[in-house]
Every structure is written in structure tokens, then in C-alpha cells.
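Reader: I am new to this structure and would like to be led through its packing step by step. Could we begin once it is in view?

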Amino acid sequence: MAYTYHELKGKTIQELREIAKNVEQHDAVQGYSQMNKDHLLPALCKALGVPVHEHAEVVGIDKPALKAKMRELRKKRDAALEAKDHATLKSVRRQLHAINRDIRRHILHTA
């Protein structure tokens, strides 16, 4: 059975040890019964050929356009800080926060 990093990370140590027991003799999982999850997870990924890192992909929005808008807002924020304009500063910070949350909301994790 093919696993992803995200699936393996969600399993308990006992489930990971069961998977390691069924993996054909691979050097990475030797001594799996003595490994903790932090050591067993990368070893299993190596033995199964699963990429170790999760990759995040943004879908459904135009991320480059939002990042450009954020750069403009940061310039406005810096100008508001220099001018000590608290109302503008608060408004710009809230806009930056909203854009960051929008980007995070559209992240799709893939392996």
C-alpha cells in the first residue's frame, strides 16, 4: 500500500511499527521496535520512498497578486509608522492580517 507523509504522520507509533514490520528488509528500519516516532517516521519514509516534507500549494486564489498588494500595504504601514498615524496604521495592519488569513485558508497540503 502506498502511503503519503501526511498519512504516516497521523498514525500512532504502534501502527508505524506494524508497517515497518511488513517492510522488506531495509537498512533504514532495522531496529524499528526500539525507535520512537520521531526516528521511525523518517526511516519509514526512506524505506517506502515517500518524500519526507509536506509541500503546500495555494489553490483558488491569485497568490502573486496578493503578495504584491501586501508589499504595497507594508510600504503604507511603514509610512504610517513614520507619520505616527494610528488610524491608518491599524487599518493597514488589519488588511495585511486578512490577506494572510486568506492565503492560509487556500493552502492545499500535498506530499
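Author: The buried residues of helix 3 pack against helix 1 and helix 2, where contact means heavy atoms within 4.5 Å and helices are DSSP runs (H or I, at least four residues) numbered from the N terminus. This is a predicted model, in which local features need pLDDT of at least 70, side-chain atom pairs count only at pLDDT 80 or more, and totals for chains, interfaces and linings use all residues. Residues are numbered from 1 along each chain as its sequence is written, and side-chain values use heavy atoms, with hydrogens and water left out.

Reader: Which residues in helix 3 are buried?

Author: Buried means under 20% relative accessible area, calculated with a 1.4 Å probe on protein chains only. By that cut-off, the buried residues of helix 3 are Leu40, Leu41, Ala43, Leu44, Cys45 and Ala47.

Reader: At roughly what angle do the axes of helix 2 and helix 3 cross?

Author: Axes are lines fitted to C-alpha atoms, for helices over the stretch in contact, and angles run from 0 to 180 degrees between N-to-C directions. The axes of helix 2 (residues 13–22) and helix 3 (residues 37–48) come within 10 Å, and they cross at roughly 35°.

Reader: Which element gives the most residues to the largest nonpolar core?

Author: Such a core is a set of buried Ala, Val, Leu, Ile, Met, Phe, Trp, Tyr and Cys residues joined through side-chain atoms within 4.5 Å. The largest one has 17 residues, and among those touching the most other members are Leu40 and Leu44. Helix 1 (5–10), helix 2 and helix 3 each give two or more residues to this core. With 6 residues, the element that gives the most is helix 3.

Terms used. Buried means under 20% relative accessible area, exposed over 50%, partly exposed in between (1.4 Å probe, protein chains only).
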